[in-house]
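The exercises below are meant to be worked with the sequence and the coordinates open side by side. Each begins with a task and is followed by a solution that goes step by step.

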Amino acid sequence: MKFLCVACDRQMLFEERQLPGDGTLAAAFKCPACGRVVALLTNPMETQLVASLGVVIGGRTVPAQPLETVRGMVATGRDDAFTDNGQRKTENAPMWSPEAQERLQRVPSFVRGMVKKVYTDYARQHGIPEITPAVMDTARAELGLEAM
Amino acid sequence: MSLNLRTYHELAGADRSGLPEQIAAQRRRVTERLAGVGRLIAVMSGKGGVGKSFVTAHLARALARAGRAVGVLDADLNGPTMPRLLGVDHSPLPTPDGAIEPAIGVDGVKCMSMDLLLQDGAPLTFRGPQAESFVWRGALEAAALREFLGDVAWGALDMLLLDLPPGIQRFHELGDLLSTPPPVLTVTIPTPESRDAVRRAMRAASDRSAPLLGVVENMVDGHFTGTAGADLAAEFSVPLLARIPWHPTPDTWDQLAQQLGSSA
């Protein structure tokens, strides 16, 4: 997008970008000859359309961040979806097979975290890479956790 | 009065926004990120409920068991199921070095899915003016798909399976994002209704010159009757790679993985 100062027949130069509110995007341009400043104001839908493309009007001042659009635009995202310390939280933790996950879901939610930890610790201590229903049965028997 | 207006290209000064350059940079990011991926395969159907994700997950696991480095990109943004199928939990995803680390599922299959990012049970909802959101929602979903391709540290993979949602929209988006449309593995169930819907998807892929790798007929010998798999294979001159019974065994998936490996 370029702006032409018709009176001077000169290309206007980008001055600044603002988000003044209500979803409006404002971009100001100045004529280098006469100093006249004009502002482009987009309506919220136009602003949204541009944002949806993952581009920045007026140009980027910092490199694009990973999943920038998703992280910025998804309203129903988890607060803890990412960790910025570069470490996988459950590194070396055993996997849960789909069947074991299904079974875990049947545990009442208020104790599910504790139950999950019990099985995870058991698998880790025994070097078991994947928790399956069979592993859960064995752990229950060995640990005397028949209610889990 | 007639104004002295000129064309965009007649103004020699730079366009500071550089939107075409920004779009080009996005494409480069995707290309560079996928440089370590040997084969990119879109698993699609055009028909819902035929078991695409189920087939994708078990195929990925079979390939991994055979020693391949495999990833699955869950491109069904509104109905993501891949983490559950691959036994992935919702641990936070690390973000080292300007990229997102994919989750690791059973058999070491790498996985990226919108399910990992959404609140439990919440639909995918975007910020923005909700009135007439249809105008921009498609663009945002395409952007999310682009970021899943370009911002996830897939690393060196023998194969990246793209689990597409029903319909052909996401396939067209993929074709636009990648330099060439990906090869397609098609999933159907035996019924004539499925055949008719899947035929349209295969034709759409063929029209974009995407290689058709073959057909997988799922849910065979159960409640569904018909010959959709054989019909589509014959019509498009592609192999019927597998007929998956209602109760498949690991051997079922191992054979499909072998078939796919030999259909380069």
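## Exercise 1: The sheet of chain B

Task: Starting from the pairing of S7(B) with S8(B), establish the order of the strands in the sheet and identify the strands at its edges.

Solution. In this predicted model, S7(B) and S8(B) run parallel and are joined by five bridges. The register can be read from B:Val187, whose bridge partner in S8(B) is B:Val216. On from S8(B), four bridges lead to S9(B), residues 240-245, and this pair is likewise described as parallel; here B:Val220 has B:Pro245 of S9(B) as its bridge partner. The connection between these two strands includes H7(B), and S8(B), H7(B) and S9(B) together make a right-handed β-α-β unit.

Next, turn to S2(B), which is joined in parallel to S6(B), residues 157-163, by five bridges, with B:Asp74 opposite B:Asp163. S2(B) also pairs with S5(B), residues 110-112, in the parallel sense over three bridges, and there B:Leu73 stands opposite B:Met112.

Assembled, the eight strands of chain B form an open sheet in the order S4-S5-S2-S6-S1-S7-S8-S9, with mixed pairing. Because S4(B) and S9(B) each have a single partner strand, they stand at the edges, and one side of each is left without a neighbour in the sheet.

## Exercise 2: Burial of a strand and a helix

Task: Decide how far S2(B) is enclosed, then find which residues of H6(B) are buried and what covers them.

Solution. In a regular strand the side chains alternate between the two faces of the sheet. In S2(B), residues 70-74, B:Val70, B:Val72 and B:Asp74 point one way while B:Gly71 and B:Leu73 point the other way, and all are buried. With five of its five residues buried, S2(B) is therefore largely enclosed by the rest of the structure.

For H6(B), begin with a check on its geometry: at 1.5 Å a residue, its 16 residues (192-207) should span 22 Å, and the end C-alpha atoms are 22 Å apart, which agrees. The buried residues of this helix are B:Ser194, B:Arg195, B:Ala197, B:Val198, B:Ala201, B:Met202, B:Ala204 and B:Ala205. The elements of chain B that cover these buried residues include S1 (37-44), H5 (169-177), S7 (184-188), S8 (212-220) and H7 (228-236).

## Exercise 3: Positive phi in chain B

Task: Locate B:Asp107 and B:Asp221, and say whether each is buried, partly exposed or exposed.

Solution. Most residues other than glycine have a negative phi, and most peptide bonds are trans. B:Asp107, although not a glycine, has a positive phi of about 65 degrees, and its place is in the loop between S4 and S5 of chain B. With 19 other C-beta atoms within 10 Å, B:Asp107 is partly exposed.

B:Asp221 also has a positive phi, near 65 degrees, and is found in the loop between S8 and H7 of chain B. Its count is 12 other C-beta atoms within 10 Å, so B:Asp221 is exposed. A further positive phi, of about 65 degrees, belongs to B:Ser209, just after H6(B).

## Exercise 4: Chain A and its contact with chain B

Task: Describe the side of chain A that touches chain B, and place A:Trp96 in relation to it.

Solution. The contact takes 47 residues from chain A and 52 residues from chain B. In chain A, H1 (44-52), H2 (68-73), S6 (82-83), S7 (95-96) and H3 (98-105) each supply at least two residues of the side that touches chain B, and the largest share, five residues, comes from H1(A). By class, this side of chain A has 22 nonpolar, 16 polar and nine charged residues.

The two chains also pair through strands, since two bridges join S6(A) in parallel to S3(B), residues 93-94, and A:Phe82 has B:Leu93 as its bridge partner.

A:Trp96 lies in S7(A) and is buried, with 26 other C-beta atoms within 10 Å. Leaving aside residues up to four places away in sequence, A:Trp96 touches A:Gln101, A:Leu104 and A:Ile131, together with B:Gly87 and B:Asp89.

Finally, consider the layout of chain A, whose domain assignment gives domain 1 (4-59) and domain 2 (95-143). The C-alpha centres of these two domains lie 57 Å apart.

How values were computed:
Residues numbered from 1 in each chain as written. Chains lettered and ligands numbered in written order. Predicted model: local features only at pLDDT ≥ 70, side-chain atom pairs only at ≥ 80, totals over all residues. Contact = placed C-beta atoms within 7 Å. Nonpolar A, V, L, I, M, F, W, Y, C, P; charged D, E, K, R; others polar. Expected span 1.5 Å × (residues − 1). Buried ≥ 20, exposed ≤ 12 C-beta atoms within 10 Å, placed from the backbone. Right-handed = clockwise from strand over helix to strand, strands pointing away. Domains from an automatic or database assignment.
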